[in-house]
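Here is a short, informal tour for anyone meeting this structure for the first time. Have a look at it, and then we'll walk through a few of its features together.

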Amino acid sequence: MKILALYNIKGGVGKTSCAVNLAFNAAQCGYRTLVWDLDPQGASSYYFRIKPKIKGGGKGLMAGEHELEDLIKGTDFENLDLIPADFSFRNLDLLLDDKKKPTQQLKKRLKPLADEYDFIFLDCPPSISLLSEAVFAAADLLLSPIIPTTLSLRTLVQLKEFIADHGLKSTRLMPFFSMVDSRKKMHKALMCEALANYPEMLTTAIPHASDVERMGVERKPLGAYSGKSRSAQAYRELWQEILARSLMQ
């Protein structure tokens, strides 16, 4: 089992759409796949047409009243399951702070699922917090979507510094470009610069396209309603690149 976290300090970078579409592609390839929607806004849950609510809420989960496997819901797609969000997840930082070894709590709860899934995707809320540190400790890969703008690239620098300053040597960061407008010269220039400066950057970019925005209307992964589109192909290529890179180590 590999745990892949979709994370960025900044919101509005296409994190949830990437989590949903990458998980969908993993499932389509035959991998047993689970998405855990950790964002109290519940966008991933919404895309999969599943109510963003879990029994006992975040408090019950952290208290050990419910195991993660008891919270899993099936989606409309083969090999693809979901642990829905809950609005109480907004308090996960406080709940984690009350536990011994708080940054190890997510990893501890995910461990029993090792025999059930090949890949688990964590759709994470933005910001740097105790929950973020728990995600970093649990994830095998930290996938960070970056818009090719100066401010978005600045968050990548901040994230790399945070990982280094906190001694998170086992956290493997894989940033990639999201919401790219190929018509903008600045996007192209910043992408070239970043690819030269950050060897860990994935080369596949996700375009800024209306068919991706339609996910909120269709309430399903892009590949399920527009599988031949340029954006759907980009997500498939990104997934294959992630697989290739992760298998190298």
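Let's begin on the inside. N21, F24, N25, G223, A232, Y235 and R236 line the largest cavity. Keep in mind that what you are looking at is a predicted model.

Two elements, α1 and α11 (230-247), each give two or more residues to that lining. Sorted by character, the lining residues of the largest cavity come out as three nonpolar, three polar and one charged. The space inside the largest cavity is about 40 Å³. If you go hunting for cavities of 30 Å³ or more, you'll find that the structure holds one.

Now for the sheet. In what order do the seven strands of the open sheet sit? Reading across, you get β3-β4-β2-β5-β1-β6-β7, with mixed pairing. "Mixed" makes sense once you recall that strands of a sheet can pair either parallel or antiparallel, through backbone hydrogen bonds. At the edges sit β3 (73-74) and β7 (172-177), each of which pairs on one side only.

Helix α1, which we just met at the cavity, also packs on this sheet. Spanning residues 15-28, α1 touches β1 (2-6), β2, β4, β5 (119-123), β6 (141-146) and β7. The direction of α1 makes about 170° with that of β5.

For a look at one pairing, take β2 (residues 33-37) and β4 (residues 80-83): these two strands run parallel and are joined by four bridges. Pick V35, for instance, and its bridge partner in β4 is L82.

Finally, two residues in loops have a backbone angle worth a glance. Most residues other than glycine have a negative phi. N79 goes the other way, with a positive phi, even though it is not a glycine. S127 is not a glycine either, and its phi is positive too. Here they are next to each other:

| Residue | Phi | Loop | Relative accessibility |
|---|---|---|---|
| N79 | about 70° | between β3 and β4 | 30% |
| S127 | about 100° | between β5 and α6 (130-138) | 32% |

Are these two buried, exposed or something in between? Partly exposed is the label for values between 20% and 50%. N79 counts as partly exposed because its relative accessibility is 30%. S127 has a relative accessible area of 32%, so S127 is partly exposed as well.

Technical notes:
Residues numbered from 1 in each chain as written. Predicted model: local features only at pLDDT ≥ 70, side-chain atom pairs only at ≥ 80, totals over all residues. Heavy atoms only, no water. Pairing = 2+ DSSP bridges. Contact = heavy atoms within 4.5 Å. Axes fitted to C-alpha atoms, helices over the stretch in contact; angles between N-to-C directions. 1 Å grid on protein atoms, 1.4 Å probe; cavity = no way out; pocket = protein on both sides within 12 Å on 5 of 7 lines; lining within 4 Å. Points joined across faces, edges and corners; volume = space filled by probe spheres on them. Nonpolar A, V, L, I, M, F, W, Y, C, P; charged D, E, K, R; others polar. Buried < 20%, exposed > 50% of the residue type's maximum accessible area, 1.4 Å probe, protein only.
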